[in-house]
Amino acid sequence: PASLQAEEGFCQRLESAGGELTKPFTVVREREGELVAVPFTEAYAEGMGEVAAHLRQAAEALEGEEDEAALVAYLRAAAQAFEDNDWGPADEAWSRMNARNSRWYLRVAPDEVYWDPCSLKAGFHMTFARIDRGSLVWQDRLTPIQAEMEQRLAALVPGEYEARDVAFHMPDFIAIVTNHGDDRDPFGATIGQSLPNWGAVAEEGRGRTVAMTNLYTDADSLARRRATAASLLAPETMELHTDDPEPGLLSTILHEATHNLGPAQEYRVDGQDDTALFGGGLASMLEELKAQSGALFFVSLLEEKGILDAAQADATYLDSVVWALGHISRGMYTPSGQRKAYSQLAAIQIGFFLDEGVVRFDPEATAANGEDRGAFSVDFEAFPAAAEKLMKQVMHIKATGDREAAEALAERYVDGDVVPMELIAERYLRQPRGAFVYAVEL
């Protein structure tokens, strides 16, 4: 309700009420002076009915296509979910789709909470893409070590978290055809995703992870990224910058894989989940911080296994640093004062590495473009140890529900002055941001 949103701290009021009011598949309404939770299927009955009808028409159009039986099953299950608000059966059907049994990637459901002012309610989206079977190469490399990845995380915090049996899908590579709903942003687009976020499929690690391979690979995007990096990085660090998409793709793969490892959204401490322990906004940021810290922590494991060489490892570290600087440039909070999950995790990572001396900022150094004063450099030799130290701290916070430690990280690096945020923003905002045009070439 508009009246509720006008209250200062209204998200805390909702979180304190708990119960159905904080569930992801309901909306909050006011009736006779009381806040009540209304299921999506009641609040959006007409629109959800229309979606269900379209999904069934799509299933009928594909009926008889033997190589798309898994997609047909998902379309029918998703249609039913749009009518009864029970998303478990649709998630089960969706989890059985993969790069080996369908040419297509489709997700149509309420999923991520980033759009919501309190990071509680799932936003509706449709992502439609073509499966790139090149992902099978990375799946074959990483699937044999996913249990070891889980064990490595648990070993960081002995006695606080016990390794689980994990059997999630390693990332599929997908080429986006079109995004809709809350996936269709005015600027940019999601480059990786692990779903679902709730229910048995999520709890049992049977969800699907994807990396979008055809975003930000155009010449204009590459030129913008290189120019911005050259304005922020010292010359010796900039030498390792590459237009090759592989380091960024690997970082996305490891980020999304880490969502399925360690204490995630369904993990409970003393019976309380992430939202109850940290509040919606902080919980959402911490889960993304865990995932992106895993994208750094696991690089050394891949190098140890011979999957990466030293040069590839360093390129992946640098790509992640440039990625983080980009998100810092977007600011830490929305206009209404809510946390920006990716921006804040990026500030925590860069600030932590500045404190550790792994990332260094010299305000007098000339950047690689030869024009700007003030530049970042990276100590790649020391990076693995610092990434492990950060991952250990994040694992402790998530595994024990240590809200005080989480807020201390945010206070120092998000709200403090460790990271030169204004300088970073000024360099990034010189470059125009790209908006995607979705098209199908026949």
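**A disulfide, two nonpolar cores and a set of aromatic pairs**

Cys11 and Cys118 are joined in a disulfide, with their sulfur atoms 2.0 Å apart. The link connects distant parts of the chain: Cys11 sits in helix H2, while Cys118 belongs to the loop between strand E3 (104-110) and strand E4 (124-132), 107 residues apart. The torsion about the S-S bond is -85°, and the link of Cys11 and Cys118 is accordingly left-handed. Both cysteines, Cys11 and Cys118, are buried. The structure holds one disulfide. The model described here is a predicted one, and the values that follow are to be read in that light.

A short step along the chain brings us to Thr22. This residue lies in the loop that runs between helix H2 (10-17) and strand E1 (26-31). Is Thr22 buried or exposed? With a relative accessible area of 18%, Thr22 is buried, since the cut-off for that class is under 20%. The side chain of Thr22 reaches the backbone oxygen of Gly19 at 3.0 Å. Beyond its neighbours within four places in sequence, Thr22 is in contact with Leu14, Glu15, Leu120 and Lys121.

The nonpolar interior comes next. In soluble globular proteins, nonpolar side chains tend to be buried together. Here the largest nonpolar core has 84 residues, and those with the most contacts inside it are Met149, Ile328, Phe353 and Phe383. Phe353 offers a convenient view of the packing: with neighbours within four places in sequence set aside, its contacts are Leu296, Val358, Val359, Phe383, Ala386, Ala387 and Leu390. Apart from this core lies another, of 42 residues, which includes Met48, Ala78, Val108 and Val113.

Helix H12 (residues 246-259) merits a look of its own. Its 14 residues reach 20 Å from the first C-alpha to the last, close to the 20 Å expected at 1.5 Å a residue. How many of the residues of H12 are buried? The count is 13 of the 14, so H12 is largely enclosed by the rest of the structure.

Aromatic rings provide a further set of links, with a count of 20 aromatic pairs. One of them is formed by Phe82 and Phe124, a tilted pair with 6.0 Å centre to centre and 40° between the planes. Because Phe82 lies in helix H5 (residues 69-84) and Phe124 in strand E4, this pair ties together parts that are 42 residues apart in sequence. Phe82 is buried, with a relative accessible area of 5%, whereas Phe124, at 22% relative accessibility, counts as partly exposed.

Trp104 and Phe128 supply another example. Their ring centres are 5.2 Å apart and their planes at 20°, so the pair is stacked. This pair also links distant parts of the chain, with Trp104 in strand E3 and Phe128 in strand E4, 24 residues apart. Trp104 is partly exposed at 22% relative accessibility, and Phe128 is partly exposed too, with a relative accessible area of 25%.

Finally, the ring pairs can be followed from one residue to the next. Phe25, Phe40, Tyr44, Phe82, Trp87, Phe124 and Trp198 are linked by ring pairs into a cluster. Phe82 and Phe124, the tilted pair described above, are thus both members of this cluster.

Terms used: Residues numbered from 1 in each chain as written. Predicted model: local features only at pLDDT ≥ 70, side-chain atom pairs only at ≥ 80, totals over all residues. Heavy atoms only, no water. Helix = DSSP H or I, 4+ residues; strand = E, 2+ residues; numbered from the N terminus. Expected span 1.5 Å × (residues − 1). Buried < 20%, exposed > 50% of the residue type's maximum accessible area, 1.4 Å probe, protein only. Polar contact = N/O pair within 3.5 Å; in protein donor to acceptor, adjacent residues only side chain to side chain. Contact = heavy atoms within 4.5 Å. Disulfide = S-S within 2.5 Å. Core = buried A, V, L, I, M, F, W, Y, C linked by side-chain atoms within 4.5 Å. Phe/Tyr/Trp six-rings, centres within 6.5 Å; stacked < 30°, edge-to-face > 60°.
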